[in-house]
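Here's a short set of exercises for getting to know a new structure. Keep the viewer open and try each task before you read its solution.

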Amino acid sequence: SNQQLSAQRILREFARRCATPTSKLWQVANEMASDMEAELAPGDRGGNLGVPVSYLAGLPTGEEKGTFYGINLRGTNFVIVRGKLEGRNEALSDLSRQEIEIPLHILSSADSTKELCDLMAVEVAKFVGLHVESDSKVEATERTLGFTVSLPVDDLLPSSALHSKWRRISVNDTMGGELAQEMNHALKKHGIEMRVFAVVNDTIGHLAGGRYYNKESVAAVSLGMGTDVAYIESLPQQIVKESSSEAAETAINMQWGNFFSSHLPLTEYDASLDAESADPGCRIFEKLISGMYLGEIVRRVLLRMAEESALFGDVVPPKLTISYSLRSPDMAAMHQDTSQDYEIVQAKLKEIFDIESSTTSVREMVTEICDVVSERGARLVGAGIVGIVKKMGRLANRKSVITIEGGLYEHYRIYRNYLHSTVWEMLGTDLSDNVIIDHSHGGSSAASIFLAASQTDH
Ligand code: ADP
């Protein structure tokens with residue numbers, strides 16, 4: 001029909017603008033690498049990534065042994081974990097985990113850090129009491145509590161005063177220092193023999209986890225609702241503070257969500273998404289690749305087709321106009337629908353947009369939009385990773401392990417496949433053997449355990 005032809009035209013045009021040929025990916029990778037260099041240069045910061053946050057304590061060697069505790073502060077809750085490491089890169093075992101909701105009155109106040117730390121300390125005490133250690137020789141000495149923060153990037157979360165404060169932890173060392181101090185105060189007050197050395201972004205915790213398992217682990221990528229990267233920087237002096245001038249290696253949280261390049265394949269849909277977002281002009285890379293935005297891009301294309309090509313009939317389905325109504329798990333479910341008549345696509349269209357019926361060819365078009373959006377996102381992630389490895393000078397003759405964690409990577413199979421194949425495509429058979437993409441071990445909250453391990457003297 002005419003409608004479908006017109007919708008097809010919109011789709012083809014969109015796909016054309018989203019195209020990421022290898023040459024373009026290399027431009028993106030090269031720019032990522034040069035921006036990273038620029039960030040490290042003393043004085044003027046030429047890049048557009050965030051201010052690098054260095055984490056100066058040591059990273060695990062893989063020989064750490066013992067029972068370690070960690071805490072992961074998240075959007076509306078925190079998770080306390082305990083696990084056992086046995087050295088020789090052996091897998092984390094005996095993992096216990098407890099999730100605790102943060103009461104609203106704490107979340108809604110910017111001055112509630114003290115109360116929050118009090119609550120966390122009380123819960124840690126309970127947790128320690130409940131999970132009796134299997135180690136017989138438990139010393140009564142002070143232990144390290146690994147402390148990581150996962151930033152809520154959900155633009156839809158009711159903005160809480162405390163959230164906006166935590167958000168800054170990732171870009172501000174002092175902020176983390178304050179939280180650590182407050183937490184130590186609370187631990188002491190409640191008579192808990194534990195101490196927090198540093199509060200860091202959880203991506204750095206993941207890098208610590210990657211390091212425990214593999215010395216060639218050089219970067220950790222988180223790909224969930226939002227996205228972030230921590231990598232190992234061996235450049236000393238320039239940005240390393242006096243306190244640790246002997247540090248040969250530093251973990252840097254690079255805030256790659258802020259990356260921008262004129263080579264990014266941006267479309268009118270991305271432009272309007274950005275313009276209507278909470279922070280126009282910021283986090284452009286994140287808005288192309290992370291779980292928060294993929295479904296929203298798809299929705300915008302569908303809306304255009306509904307308006308201009310009457311894809312879903314004469315009346316535009318009202319729910320199709322609601323921003324962020326299509327979430328990436330639903331997008332993935334439609335995209336990965338292998339049933340003959342795309343029954344899952346139809347079920348999702350009904351469930352999310354109240355679209356009663358659709359023809360098979362319309363459903364197929366929906367999956368194609370999902371494909372274009374996820375392919376572009378995953379290929380850009382691949383290019384970004386190649387850029388990082390290039391910056392580290394490790395593309396040739398050296399192995400690099402990149403750990404990736406997060407719901408988007410873990411659960412969206414086609415996205416993950418596009419990501420892997422892109423790295424291979426960019427590097428070719430020879431070089432791609434040097435870049436190993438690994439899934440993170442132990443899940444998201446375990447990161448703090450590795451942090452605790454690396455901060456404990458042996
Ligand atoms: P965070 O919200 O801290 O990033 P996760 O790493 O667990 O937490 O990632 C959750 C995000 O991953 C979801 O918000 C969603 O964007 C994405 N996600 C989860 N499951 C799926 C799925 N099945 N398909 C596609 N994306 C998914």
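**Exercise 1. Two helices that cross**

In which hand, left or right, does helix 10 pass helix 13? Work out the rest of their packing too.

Solution. A heads-up before we start: this is a predicted model.

Step 1: find the pair. Helix 10 covers residues 291-309, and helix 13 covers residues 360-391.

Step 2: look at the axes. They sit 10 Å apart, and the packing angle is about 140°. Angles over 145 would count as roughly antiparallel, so this angle makes helix 10 oblique to helix 13.

Step 3: settle the hand. Helix 10 passes helix 13 in a right-handed crossing.

Step 4: list who touches whom. From helix 10 come L294, I297, V298, V301 and L302, and they meet V366, I369, C370, V373, S374 and G377 of helix 13. Sorted by class, this contact has nine nonpolar and two polar residues, with no charged ones.

**Exercise 2. Helix 13 again, with another partner**

At what angle do the axes of helix 2 and helix 13 cross, and which residues make the contact?

Solution. Step 1: the axes of helix 2 and helix 13 come within 7 Å and cross at roughly 45°. That angle makes helix 2 oblique to helix 13.

Step 2: the hand of this crossing is right-handed.

Step 3: on the helix 2 side, the contact uses L25, V28, A29, N30, M32, A33, M36 and E37. Helix 13 brings R379, L380, G382, A383, G384, V386, G387, I388, K390 and K391.

Step 4: sort them by class, and you get 10 nonpolar, four polar and four charged residues.

**Exercise 3. Helix 2 meets helix 15**

How are helix 2 and helix 15 oriented to each other?

Solution. Step 1: helix 2 runs over residues 22-40 and helix 15 over residues 413-432. Their axes come within 10 Å, crossing at roughly 90°.

Step 2: that crossing angle makes helix 2 roughly perpendicular to helix 15.

Step 3: T22, L25, W26 and A29 of helix 2 meet T422, E425 and M426 of helix 15. The classes here are four nonpolar, two polar and one charged.

**Exercise 4. One residue up close**

Is L85 buried or exposed?

Solution. Step 1: place L85 in the fold; you'll find it in strand 3, residues 77-86.

Step 2: count its neighbours. L85 has 24 C-beta neighbours inside 10 Å. The cut-off for buried is 20 or more, so L85 counts as buried.

Step 3: skip the residues within four places in sequence, and the contacts of L85 are E64, K65, G66, F68, L92 and A453.

Step 4: check E63 as well. Its C-alpha lies 8.5 Å from that of L85, though the two are 22 residues apart in sequence.

**Exercise 5. Around the ligand**

How many residues surround the ligand, and which are the closest?

Solution. Step 1: the count is 14, and G224, G291, A332, G407 and H411 are the closest.

Step 2: see which helices help out. Helix 11 (328-335) and helix 14 (407-411) each give at least two residues to the shell.

Step 3: sort the shell by class. It has five nonpolar and nine polar residues, and no charged ones.

**Exercise 6. Zoom out**

What share of the chain is buried?

Solution. Step 1: the chain has 458 residues, and buried ones make up 46% of them.

Step 2: its secondary structure comes to 16 helices and 12 strands.

Terms used: Residues are numbered from 1 along each chain as its sequence is written. This is a predicted model: local features need pLDDT of at least 70, side-chain atom pairs count only at pLDDT 80 or more; totals for chains, interfaces and linings use all residues. A residue is near a molecule or strand if its C-beta atom, placed from the backbone, lies within 6 Å of it. Helices (H or I, at least four residues) and strands (E, at least two) are DSSP runs, numbered from the N terminus. Ala, Val, Leu, Ile, Met, Phe, Trp, Tyr, Cys and Pro count as nonpolar, Asp, Glu, Lys and Arg as charged, and the others, Gly among them, as polar. Axes are lines fitted to C-alpha atoms, for helices over the stretch in contact, and angles run from 0 to 180 degrees between N-to-C directions. Angles under 35 degrees count as roughly parallel, over 145 as roughly antiparallel, 65 to 115 as roughly perpendicular and the rest as oblique. A crossing is left-handed if the near helix is turned anticlockwise from the far one by less than a right angle, and right-handed if clockwise. Two residues are in contact if their C-beta atoms, placed from the backbone, lie within 7 Å. A residue is buried if 20 or more other C-beta atoms lie within 10 Å of its own, exposed if 12 or fewer, and partly exposed in between; C-beta atoms are placed from the backbone.
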